[in-house]
Amino acid sequence: AIVVADIVATPATIALDSSDTSKTETISVVGLKGALYSNIQLDNADCEFVSDTPAVATVDGDGVVTAVAQGQAKITVTYNGKTDEVDVTVS
(Lines give C-alpha, C1' and ligand atoms only; values in the text may rest on other atoms or scores of the structure.)
Protein backbone atom coordinates (compact mmCIF):
# COMPACT_ATOMS: atom_id res chain seq x y z
CA ALA A 1 0.00 0.00 0.00
CA ILE A 2 1.10 3.56 -0.71
CA VAL A 3 1.55 5.66 2.42
CA VAL A 4 -0.83 8.64 2.37
CA ALA A 5 -1.79 11.21 5.00
CA ASP A 6 -5.46 11.24 3.96
CA ILE A 7 -7.79 10.33 1.10
CA VAL A 8 -10.41 12.25 -0.86
CA ALA A 9 -13.25 10.47 -2.65
CA THR A 10 -14.81 12.32 -5.58
CA PRO A 11 -17.42 13.34 -6.40
CA ALA A 12 -18.39 14.37 -2.87
CA THR A 13 -22.07 14.04 -3.73
CA ILE A 14 -23.82 11.82 -6.26
CA ALA A 15 -27.36 12.22 -7.61
CA LEU A 16 -28.96 9.25 -9.34
CA ASP A 17 -32.43 8.56 -10.75
CA SER A 18 -34.21 5.47 -9.41
CA SER A 19 -36.13 5.11 -12.68
CA ASP A 20 -32.87 4.55 -14.63
CA THR A 21 -30.84 1.92 -12.75
CA SER A 22 -28.58 1.45 -15.79
CA LYS A 23 -27.01 4.87 -15.10
CA THR A 24 -24.17 4.57 -12.61
CA GLU A 25 -21.53 6.84 -11.11
CA THR A 26 -17.96 5.79 -10.33
CA ILE A 27 -16.15 7.12 -7.27
CA SER A 28 -12.54 8.18 -7.77
CA VAL A 29 -10.09 8.14 -4.84
CA VAL A 30 -7.03 10.39 -4.48
CA GLY A 31 -4.34 9.91 -1.86
CA LEU A 32 -3.00 13.05 -0.21
CA LYS A 33 0.68 12.70 0.65
CA GLY A 34 1.21 16.11 2.27
CA ALA A 35 2.17 19.63 1.22
CA LEU A 36 5.59 18.70 -0.21
CA TYR A 37 4.36 15.79 -2.33
CA SER A 38 1.99 15.42 -5.25
CA ASN A 39 -1.39 13.81 -4.70
CA ILE A 40 -1.72 10.37 -6.27
CA GLN A 41 -4.62 8.57 -7.90
CA LEU A 42 -5.32 5.38 -5.95
CA ASP A 43 -6.45 2.15 -7.58
CA ASN A 44 -10.09 1.52 -6.62
CA ALA A 45 -9.24 -2.19 -6.28
CA ASP A 46 -7.09 -1.25 -3.27
CA CYS A 47 -9.99 0.60 -1.59
CA GLU A 48 -13.04 -0.67 0.27
CA PHE A 49 -16.46 0.79 -0.59
CA VAL A 50 -19.47 0.32 1.71
CA SER A 51 -23.02 1.70 1.39
CA ASP A 52 -24.78 2.44 4.69
CA THR A 53 -28.16 1.97 2.93
CA PRO A 54 -27.90 -0.69 0.20
CA ALA A 55 -31.70 -0.58 -0.18
CA VAL A 56 -31.20 2.94 -1.67
CA ALA A 57 -27.82 2.70 -3.43
CA THR A 58 -25.31 -0.11 -3.85
CA VAL A 59 -21.58 0.14 -4.50
CA ASP A 60 -19.29 -2.55 -5.86
CA GLY A 61 -15.60 -3.24 -5.24
CA ASP A 62 -14.63 -0.92 -8.09
CA GLY A 63 -16.50 2.06 -6.61
CA VAL A 64 -19.41 1.94 -9.07
CA VAL A 65 -22.58 3.30 -7.41
CA THR A 66 -26.00 2.12 -8.63
CA ALA A 67 -29.43 3.45 -7.63
CA VAL A 68 -31.88 0.97 -6.10
CA ALA A 69 -34.72 3.11 -4.70
CA GLN A 70 -35.46 6.72 -3.75
CA GLY A 71 -33.73 8.04 -0.64
CA GLN A 72 -30.37 8.98 0.84
CA ALA A 73 -27.27 6.84 1.31
CA LYS A 74 -23.70 7.37 2.37
CA ILE A 75 -20.78 5.51 0.78
CA THR A 76 -17.76 5.10 3.04
CA VAL A 77 -14.44 4.69 1.24
CA THR A 78 -11.50 3.18 3.14
CA TYR A 79 -7.88 2.93 2.07
CA ASN A 80 -5.12 1.77 4.42
CA GLY A 81 -7.02 2.96 7.51
CA LYS A 82 -8.01 6.34 6.02
CA THR A 83 -11.67 7.05 5.24
CA ASP A 84 -13.84 9.53 3.35
CA GLU A 85 -17.56 9.64 2.61
CA VAL A 86 -19.69 10.30 -0.45
CA ASP A 87 -23.34 11.38 -0.07
CA VAL A 88 -25.77 9.77 -2.50
CA THR A 89 -29.25 11.06 -3.31
CA VAL A 90 -31.57 8.86 -5.35
CA SER A 91 -34.63 10.64 -6.70
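**Reading strands and salt bridges**

Student: In which sense do strand β4 (residues 28-32) and β5 pair, and over how many bridges?

Tutor: Strand β4 and β5 pair in the antiparallel sense, over 2 bridges. Two strands count as paired if DSSP finds at least two bridges between them. Strands are DSSP runs of E, at least two residues long, numbered from the N terminus. Keep in mind that this is a predicted model, where local features need pLDDT of at least 70, side-chain atom pairs count only at pLDDT 80 or more, and totals for chains, interfaces and linings use all residues. Residues are numbered from 1 along each chain as its sequence is written, and side-chain values use heavy atoms, with hydrogens and water left out.

Student: Which residues stand opposite glycine 31 and valine 30 in β5?

Tutor: Glycine 31 faces isoleucine 40 across the pairing, and valine 30 has glutamine 41 opposite. Both partners belong to β5.

Student: What is the order of the strands in the open sheet?

Tutor: The order is β1-β4-β5, so to speak a row of 3 strands, with antiparallel pairing. At the edges sit β1 (6-10) and β5 (40-41), each of which pairs on one side only.

Student: Over how many bridges do β1 and β4 pair?

Tutor: β1 and β4 are joined over 5 bridges, in the antiparallel sense. One contact to find on screen is alanine 9, whose bridge partner in β4 is valine 29.

Student: Which residues make up the covered face of β4, and which the uncovered one?

Tutor: Here is the general idea: side chains in a regular strand alternate between the two faces of the sheet. In β4, Val29 and Gly31 form the covered face, while Ser28, Val30 and Leu32 form the uncovered one. Try strand β2 (residues 13-16) next: Ile14 and Leu16 are on its covered face, with Thr13 and Ala15 on the uncovered face.

Student: In which sense do β2 and strand β10 (residues 82-90) pair?

Tutor: β2 and strand β10 pair in the parallel sense, over 4 bridges. Look for isoleucine 14, which stands opposite valine 88 in β10.

Student: How many salt bridges does the count come to?

Tutor: The count is 2 salt bridges. The rule asks for a side-chain nitrogen of Lys or Arg within 4 Å of a carboxyl oxygen of Asp or Glu. In one of them, lysine 74 and glutamate 85 meet through their side chains at 3.8 Å, N to O. Lysine 74 belongs to strand β9 (residues 71-79) and glutamate 85 to strand β10, so this pair ties together parts that are 11 residues apart in sequence.

Student: What is the N to O distance between aspartate 87 and lysine 74?

Tutor: The salt bridge between the side chains of aspartate 87 and lysine 74 has a distance of 2.6 Å. This pair also links distant parts of the chain, aspartate 87 in strand β10 and lysine 74 in strand β9, 13 residues apart. Taken together, Lys74, Glu85 and Asp87 are linked in a network of salt bridges.

Student: What is the relative accessible area of lysine 74, of glutamate 85 and of aspartate 87?

Tutor: First the scale: buried means under 20% relative accessible area, exposed over 50%, and partly exposed in between (1.4 Å probe, protein chains only). Lysine 74 is partly exposed at 26%. Glutamate 85 is partly exposed at 43%, and aspartate 87 is partly exposed at 33%.
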